[in-house]
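Dear colleague,

Please find below the structure for your consideration. My account of what was found in it follows directly after.

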Amino acid sequence: MRFRLAFAVVLSLLAAGCVADDVGPINVLTSEAGPPSPTFIPDPGDDGSTVVGLAFSGGGTRAAAFSYGVLRALDDIVIDEQPHRRTLVDDVRMISGASGGAVTAAYFGYRGKDGYRDFRERFLIQDAEANLRKSLSPLNLVRAYNGGVNDRSGFAKWLNDHLFDGATFLAFRKPDRPIVWINASDIYNRTPFLFSYDTFAALCSDLEKVRLADAVAASAAVPVVFAPIVVSATSPHCGYHRPPWLERALADRNASIRLRAYASALDSYQNADPLDYVKLLDGGLTDNIGVTGFTIERSAAGTPYGPLSPVAAVRLRTLLFIIADAGSDSDVSWGKSLHGPKIGELLDAVTSTTLASSVRDEVDALTLAVSQWQDELVRYRCGLPASTVAAYRGSAGGWNCRDVQLVVQHLSFADLDPAMQVKLNVIPTRLRLPVEQVDLTIAAGQQALLVNAAIGKAVAAIRAHAGVSTEMAAAQAN
């Protein structure tokens, strides 16, 4: 018996060199740096009076379903009827996600506002764990010891084959698509890793050649369950030049700490001698609600209007930034006992406490940043000459430079009635859920948005400006 056990262990150890053979890298080094990130988010295709930004949290399929429910609720809110019917989904110009929320964000960017609605059938009710290794076999224990049980042949391959159809980031380059930010975590620099053109230019790579499936898998790579997703950082001297915002961030000691950390990470891809590979894990480690993309872009803008264009900043009346947070509350029955929590409960409590604290800080920081941005926008707009206003708007008639509102709202299970919260909080963070739990979470996302008073007030103002009556909007939504 001892011999057989020892023999099994030896075989497992011998296999260790090939247990995670599909680890990347996911990028291709080039002799010429890829293009920089766009200076501005895409301008709306309509009058530009409304802009919607979305950030989707982590939480596996639970988070993907909740964020999908938010999208469907936005799609039911009619805000204009001339010259054609328009809902809030038509005005989504920026969308980001971490972990499970990254699946929804990437799919919306890939399929667009007219093609994303089959997400439930293509992902939410499918078995995205089909390719995963889940047993506690000796071989999987060795894989875990060597960095992660599942490599790219697991979730990344499933996403590529069943959801993204082999598409790369080039699929986002369409006129009607928003800017999409997928967030992972760079565990070398201990910073968020943003799948952006600037990031991959610093890596001497072209973002447009990176598979969407690999980016989303990196964002969802829970430590140990998944091996890190690998990005090559060995510079082939591609003629890379730091963008102006990065130069400013590194030189300015008073710059945003988040921006400086991100700038230092990009700089390390070119200048850190021992750094041959960047290892990526779950985006929730550094930003579980997926707001990094917007906060970095705003901090890096260097203008009172960025990441909006000057034209968009003048045309804007309402900007809605909605965070869909699918974090759940764990059972805390141990709080009624003198003893405990036990080790499993303790680990869960520590993780939940860390995430909840981080989310509160991120929401508060984002709300403050957007409030300051609104003040800067007003000063910028009120300082423009009438000729510039007329050129950007088509006319200076009826112009009110102060008539702009930026609304940030955090949607979560706490916005729902207690009975629904109880059902939602028992839904695990998995990539496969029963259909009834999927549909419950979709309905929760829809309901959380529809009961939000601040969003309702903003929508009423948008409709009033467009001349859409409440009765007409309700009839069209139904």
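Setting aside neighbours within four places in sequence, Ser412 is in contact with Phe66, Asp325 and Ala448. Please bear in mind throughout that this is a predicted model. Ser412 itself is located in the loop between β12 and α15 (418-425). Its relative accessible area is 12%, and Ser412 is therefore buried, since the cut-off for that term is under 20%.

I turn next to the disulfides. A disulfide is a covalent bond between the sulfur atoms of two cysteines. There are 2 of them in the structure, and with the bonded cysteines counted along the chain their pattern is 1-2, 3-4.

One disulfide is formed between Cys204 and Cys238, with an S to S distance of 2.1 Å. The torsion about this S-S bond of Cys204 and Cys238 is about -70°, so the disulfide is left-handed. Cys204 is found in the loop between α7 (197-202) and α8 (212-219), while Cys238 is found in the loop between β9 (229-232) and α9 (244-251); the pair therefore ties together parts that are 34 residues apart in sequence. As to accessibility, Cys204 has a relative accessible area of 0% and is buried. Cys238 also counts as buried, at 6% relative accessibility.

The sulfur atoms of Cys382 and Cys401 lie 2.0 Å apart and form a disulfide. Here the torsion about the S-S bond is about 85°, so the disulfide of Cys382 and Cys401 is right-handed. This pair links distant parts of the chain, 19 residues apart: Cys382 belongs to helix α13 (residues 343-382), and Cys401 to the loop between α14 (386-393) and β12 (405-411). Cys382 is partly exposed, at 34% relative accessibility. Cys401, by contrast, has a relative accessible area of 17% and is buried.

The remaining findings concern helix packing. Two packed helices are described by the angle between their axes and the distance between the axes.

For helix α2 (residues 60-75) and helix α3 (residues 100-111), the axes come within 6 Å and cross at roughly 40°. That angle makes α2 oblique to α3, because it falls outside the ranges for roughly parallel, under 35 degrees, and roughly perpendicular, 65 to 115. The crossing of these two helices, α2 and α3, is right-handed. On the α2 side, the residues involved are Gly60, Ala63, Ala64, Ser67, Tyr68 and Leu71, which meet Gly100, Gly101, Thr104 and Phe108 of α3. Sorted by class, the contact of α2 with α3 comprises 5 nonpolar and 5 polar residues, with no charged residues.

Helix α6 (residues 155-162) packs with α8, their axes coming within 8 Å and crossing at roughly 140°. The helices α6 and α8 are therefore oblique to each other, as an angle must be over 145 to count as roughly antiparallel. The crossing in which α6 passes α8 is right-handed. From α6, Phe155, Ala156, Leu159 and Asn160 take part in the contact, and from α8, Ala213, Asp214, Val216 and Ala217 do so. By class, the residues of the contact of α6 with α8 are 6 nonpolar, 1 polar and 1 charged.

With kind regards

Definitions and conventions
Residues numbered from 1 in each chain as written. Predicted model: local features only at pLDDT ≥ 70, side-chain atom pairs only at ≥ 80, totals over all residues. Heavy atoms only, no water. Axes fitted to C-alpha atoms, helices over the stretch in contact; angles between N-to-C directions. Helix = DSSP H or I, 4+ residues; strand = E, 2+ residues; numbered from the N terminus. Left-handed = near helix turned anticlockwise from the far one by under 90°. Contact = heavy atoms within 4.5 Å. Nonpolar A, V, L, I, M, F, W, Y, C, P; charged D, E, K, R; others polar. Disulfide = S-S within 2.5 Å. Buried < 20%, exposed > 50% of the residue type's maximum accessible area, 1.4 Å probe, protein only.
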